[in-house]
Amino acid sequence: MSLLFAGRHQSAAPRAAIPSGRVRWLHRTLTGWGFAGPATALVVGLSIFPAVWAFLISLQKWNGIAPAKPIGLLNYEFMAQDPDLLAAVRHTLVFTVLFVPSSIFLGMLVAVALNRPIKLVGFYRTCIFIPFVASAAATGILASFVFNPQYGAANSVLRALGLPQQQFLESQSQALTVICLIALWGQVGFTVVVYLAALQDIPKDVVEAARMDGANRWQVFRHVTLPALGPVTVFTSIWQTITALQLFDLVFTTTRGGPLGATQTIVYYVYTQAFKLTKFGYGSAVAYGLFAVTMLITVGMILYSRRSKIEAF
Amino acid sequence: MRRLPFSPWHLLLMPLALLFALPLVQMVLTAFMPDGDINRFPPRFIPTRLQLDGFIGLFNESQALRWLLNTVIVSAIAVIAHLVLCSMAGYGFARLKFFGKNAGFLMILATIMIPAQLLMIPTYVMFTRLGLIDTLAAAFVPWLASAFGIFLMRQFFLSLPAELEDAARIDGCNTFGVFWRVVLPLAKPALATLTVFTLLGSWNDLIWPLVAISDESIYTIQLGLANFQGTRHTQWSLLMAGNVVATMPLIIAFIVAQRQFVATMTFSGLKG
C-alpha cells in the first residue's frame, strides 16, 4: 500500500524521476490486476484448474472416497468397447442430426415471416420466443403432461383428427424424436431472434436494386438474403450443435434416459457413471471424449465455412 | 388467383404462434384446474372452475417456497457478482496496461471452449473438500464470474471511444473513478445483456444443483421440481403449479423487458 501511495506522489515530485518508472510499473500492475484479478482467479480456478484435474482423474480408477488407483489409459480403452456408451453416442448424434437442421430451417423461415410488415408481428414474436425463457425442467414436466398417452393434449389432437393414438415418450422408437420436438419448441425462439437481427441488417437498397433489376421475391431471397445470412447460419449451427451434443436436462425431466435406455445421451451417461455409480475416473474419461468430439465438430464447421467463403469468424 | 384479405404469412405464423403459446396456456390452466377435470377422458382444456388446490398442495407437500427463495438468492448473487466482477475485469483487459494482461486474457478465452460437464466431477470433489456441497454456496459459486461475461464486457468497452476517459483523467479522476463515474454509466446495454444471460442461466440451471445439492431445504426450484416430479408424477395440478412458480418470474420479466431481451440475443448472436 505504501508503494502505491508513493507512486501517486512521485508523479508530482520531479526529483524522484529514476525510481518512478519501476514504482509506476508496480502501481499499474496492481491496479490492472485489482480490476481483472478477482474474475480471472474465479474463472481459472473454476475451469482451467478442474479441467486439468479432470484429465488426471480420467487416468485413474476412483470412487471419490477410497484411494485412487492409477490405471493409465485403461478408461479410454474401455470407452471404445462399452456398448452402453456407444448407444448413448448414437442417441446423441441422432438427436443432433434431427435438431440442428430443423432449428435452423424453422428459425430462418419464421424470421423471414416475422420480417414482413404485417399485423400481429409483435404477438407472434412474443409467442414464439417465450418458451426459450422457460427452464428445461419446467419444459420437460410440461411436455410429460402434453405427451402423456392417456390424458395428454397431443393424443387428444390426434383423436380429433381421426389419427391413431401414440405412446410418445413411453415408446422406445418415438421418445427421442419427441424430445427433439420439445427441444425445438424451447430453442427455436433463439434462432428466430438471431436471424431476425441479421435480416434487419441487410441494407434495404440492395434488395430494392435487385427488385429493380427484375428479380422476383424468390430470386431476391436466394441470391441476396440467403448469402447475407451465411455468417449467422455458421454461428447458429455451431451454437445449436454444441447445445445438442450436451443434451441432458430435457431427458432428465421427461424420460430419465428411458424407455429401456432409448434416450440415454452422452451427458446423461456421464451423470449416471459419475454420480450414480461413483465411477469418477470413467465419467471423466467420457466427458473428455465428449469435449474432444465437440472441438472436432466445431473446428470442422469453422474450416468448412472458411472454405465456402463465409466469413463468420 | 383471388388475393387473400390478409398476408399469406399469417397462415404460417398464426398456427406456429399458437403451437408455441398453447402449451404454456395449458400449463397455467391446469395449475388452477380441479383434479376431476384433468383426469377425465377425454381431458378438458378449459377448466369447469378455477381453484387454488394445486398451489395449496404444492406448498403443503413440498418446500417449494423455500426452493423459490433459494433460487432468488442464488440468481441475485450470480447477477450482482457478474455485473461487478466481469465489468471490472472487462475494463481492465480492454483499457488498462499491466503486466500479465495478455496471458490472463488468453487463459480466459481458452476456458470458453471447456464444457461444463467436463468440470462437474473435479468441481464436485473440490467443493466436497471445501465443505460447500449441500450449501447454497455450492449453487452460486460457479456463477460468480464467467469467461463469457468478461469477454462480453471487454468487447463492449473496446467499442467505446477513449476520449471521454482521457478527459475525466485530466480532470483528476483516478482509474477507479473513471471506471465508476464515466465508463459504467455508458455500459448499460452491455450490463443489461449480462444480467439477462446470468439470470437465465442461474435461474434455469438443473444439472449442477442436481449434482451438488441433496439436502431438500437447499434445493433450487428447478431441482425441487424435477425431484418432485419423480415422486408425484400423476398429480398434474401440483406439478403445473410448480411449473408456474418456476417459470412465471422469468416470463413476466421477459414480457416487461422484452425489448432488452431481444436486443440481448441479437447482441450475443452477432458478436458471438
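Let's start in a loop. Leu260(A) sits in the loop between H12 and H13 of chain A. Keep in mind throughout that this is a predicted model.

Leu260(A) has a positive phi, about 50 degrees, and it is not a glycine. Most residues other than glycine have a negative phi, and most peptide bonds are trans. Is Leu260(A) buried or exposed? It is exposed, because its relative accessible area is 76%, and the cut-off for exposed is over 50%.

Now step back one residue. Pro259(A) is in that loop as well, between helix H12 (249-254) and helix H13 (266-276) of chain A. The peptide bond from Gly258(A) to Pro259(A) is cis. Its omega is near -10 degrees. So this loop holds a cis peptide bond, and a positive phi at Leu260(A).

What lies across from Leu260(A)? One partner to look at is Glu170(A). The two are 90 residues apart in sequence. In space, C-alpha to C-alpha, they are 9.6 Å apart.

That takes us to another loop. Phe168(A) is found between helix H7 (153-160) and H8 of chain A. Phe168(A) also has a positive phi, near 50 degrees, and it is not a glycine either. Is Phe168(A) buried or exposed? Buried: its relative accessible area is 9%, and buried means under 20%.

Next, the helices. Take helix H4 (residues 83-114) and helix H8 (residues 175-200), both of chain A. Their axes come within 7 Å. They cross at roughly 40 degrees. That angle makes H4(A) oblique to H8(A). The crossing of H4(A) past H8(A) is right-handed.

Which kinds of residue make up that contact? There are 21 nonpolar and seven polar. No charged residue is part of the contact of H4(A) with H8(A).

Look at Leu109(A) in this setting. Leu109(A) lies in helix H4 of chain A. It is partly exposed, with a relative accessible area of 29%. Now put Leu196(A) beside it. Leu109(A) and Leu196(A) are 87 residues apart along the chain. Their C-alpha atoms are separated by 10.0 Å.

H8(A) has another neighbour to show. H8(A) packs with helix H11 (residues 230-245) of chain A at an angle of about 165 degrees. The axes are 10 Å apart. At that angle, H8(A) is roughly antiparallel to H11(A). H8(A) passes H11(A) in a right-handed crossing.

On to helix H5 (residues 121-133) of chain A, which has 13 residues. At 1.5 Å a residue, H5(A) should span 18 Å. What do its ends say? The end C-alpha atoms are 19 Å apart, which agrees.

How many of the 13 residues of H5(A) are buried? The count is 10, so H5(A) is largely enclosed by the rest of the structure. Among the buried residues are Tyr124(A), Cys127(A), Phe129(A) and Phe132(A). Pro131(A) and Thr126(A) are on that list too.

Now the annotations. These come from UniProt, from unreviewed entries. The record gives "domain: ABC transmembrane type-1" for residues 89-303 of chain A. Over residues 89-303 the chain is 75% helix and 0% strand. The end C-alpha atoms of that stretch are 24 Å apart.

UniProt also lists "transmembrane region" in chain A, including residues 93-114 and 175-199. Over residues 93-114 of chain A we get 100% helix and 0% strand. The ends there are 31 Å apart, C-alpha to C-alpha. Residues 175-199 of chain A are also 100% helix and 0% strand. Their end C-alpha atoms lie 35 Å apart.

Chain B last. The UniProt record, again an unreviewed entry, places "transmembrane region" in chain B at residues including 105-125 and 178-200. Residues 105-125 of chain B are 86% helix and 0% strand, with end C-alpha atoms 27 Å apart. Residues 178-200 of chain B are 96% helix and 0% strand. Their end C-alpha atoms lie 30 Å apart.

How values were computed: Residues numbered from 1 in each chain as written. Chains lettered and ligands numbered in written order. Predicted model: local features only at pLDDT ≥ 70, side-chain atom pairs only at ≥ 80, totals over all residues. Heavy atoms only, no water. Axes fitted to C-alpha atoms, helices over the stretch in contact; angles between N-to-C directions. Helix = DSSP H or I, 4+ residues; strand = E, 2+ residues; numbered from the N terminus. Parallel < 35°, antiparallel > 145°, perpendicular 65-115°, else oblique. Left-handed = near helix turned anticlockwise from the far one by under 90°. Nonpolar A, V, L, I, M, F, W, Y, C, P; charged D, E, K, R; others polar. Buried < 20%, exposed > 50% of the residue type's maximum accessible area, 1.4 Å probe, protein only. Expected span 1.5 Å × (residues − 1). UniProt positions renumbered as here; feature names shortened; annotations may be inferred.
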